[in-house]
Amino acid sequence: METLVVVSHPEIEKSDTQQFLKASAASLSQVVWHHLDSRLPFDVTAEQQAITSADRLIFQFPLYWYMAPASLHQWLPDVWLKQFVYDARGGLLHGKSLGFVVTFSQPATAYQLGGSVGFSISQFLTPYAALAAKTGLTLLPPLTIAQFANQTDLEHQQLLVRYQQYSTLDHPDRPDEQAQWFIDRLSGNADTQLLADQLAAQTDDIDRLRLTLHELKAGESE
């Protein structure tokens with residue numbers, strides 16, 4: 001799967017969060033880092049080719065006044081043109097998925113009912129959901145990053161894993177794919193092969209339990 005990470009950030013070199021994410025993606029051969037602000041003015045043909053080549057698009061940006069920075073808002077009307085992303089018969093990007101990596105400086109609890117913001121990140125992303133429906137894209141749940149500067153080293157390590165999985169897995173929220181991701185990275189190394197084998201065995205056990213539960217539920221409904 002080829003992933004195009006579409007980054008909108010006007011001062012990316014000053015952003016510790018974006019530099020961390022860029023480094024996290026550097027070892028992933030199937031992930032292309034695509035910084036919009038450095039590509040202005042847009043070469044529409046080149047931009048459309050980048051979209052065509054990707055299986056997954058990820059819109060990545062800090063939340064500025066509850067929306068993305070200006071470069072993403074310019075890129076969409078300049079590049080996502082009729083007859084390229086949709087026509088009279090519907091969307092032309094079927095088979096591709098759209099994800100979001102959204103960063104913000106408030107705690108995660110601010111973005112919920114009763115929080116200091118009072119609205120969820122999903123609500124702020126609603127226009128992009130309409131865009132996906134118009135163009136035939138399959139939506140992924142957003143990956144949100146709250147207060148990166150306040151996170152511990154362990155939380156940064158966990159974020160690296162989540163980010164790489166989000167960028168490369170067909171269904172990054174599915175436990176079986178997450179487990180296989182770990183197995184693939186632990187296998188082939190003498191120091192970690194035992195962990196890989198143990199994880200694979202546990203994953204098989206979980207799959208068998210799921211199958212048993214499914215059969216039990218099917219029997220109850222007969």
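Biologist: In this predicted model, in which loop is Tyr66 found?

Modeller: The residue is worth locating with its backbone in mind, since phi of Tyr66 is near 65°, a positive value in a residue other than glycine. In this predicted model, Tyr66 is found in the loop between S3 and H3.

Biologist: Does Tyr66 count as buried, partly exposed or exposed, and why?

Modeller: Buried means under 20% relative accessible area and exposed means over 50%, with partly exposed in between. Because its relative accessibility is 37%, Tyr66 counts as partly exposed.

Biologist: Why does Gln83, in the loop between H3 and strand S4 (86–87), count as exposed?

Modeller: Gln83 also has a positive phi, of about 80°, although it is not a glycine. The cut-off for exposed is over 50% relative accessible area, so Gln83 counts as exposed because its relative accessibility is 55%.

Biologist: Which peptide bond is cis?

Modeller: The bond in question has omega near -10°, and its proline, Pro41, is found in the loop between strand S2 (31–35) and H2. The cis peptide bond is the one from Leu40 to Pro41.

Biologist: How many residues has the largest nonpolar core?

Modeller: Residues with the most contacts inside this core include Ile51, Phe59, Trp75 and Trp80. Among the elements that each supply at least two of its residues are helix H2 (44–53), strand S3 (56–62) and helix H3 (70–79). A second, separate core of 17 residues includes Leu21 and Ile58, whereas the largest nonpolar core has 35 residues.

Biologist: Which residues does Trp75 touch, not counting residues up to four places away in sequence?

Modeller: Trp75 is among the residues with the most contacts inside the largest nonpolar core. With residues up to four places away in sequence not counted, Trp75 touches Val6, Leu36, Phe42, Glu47, Ile51, Phe59 and Trp80.

Note on methods. Residues numbered from 1 in each chain as written. Predicted model: local features only at pLDDT ≥ 70, side-chain atom pairs only at ≥ 80, totals over all residues. Heavy atoms only, no water. Core = buried A, V, L, I, M, F, W, Y, C linked by side-chain atoms within 4.5 Å. Buried < 20%, exposed > 50% of the residue type's maximum accessible area, 1.4 Å probe, protein only. Helix = DSSP H or I, 4+ residues; strand = E, 2+ residues; numbered from the N terminus. Contact = heavy atoms within 4.5 Å.
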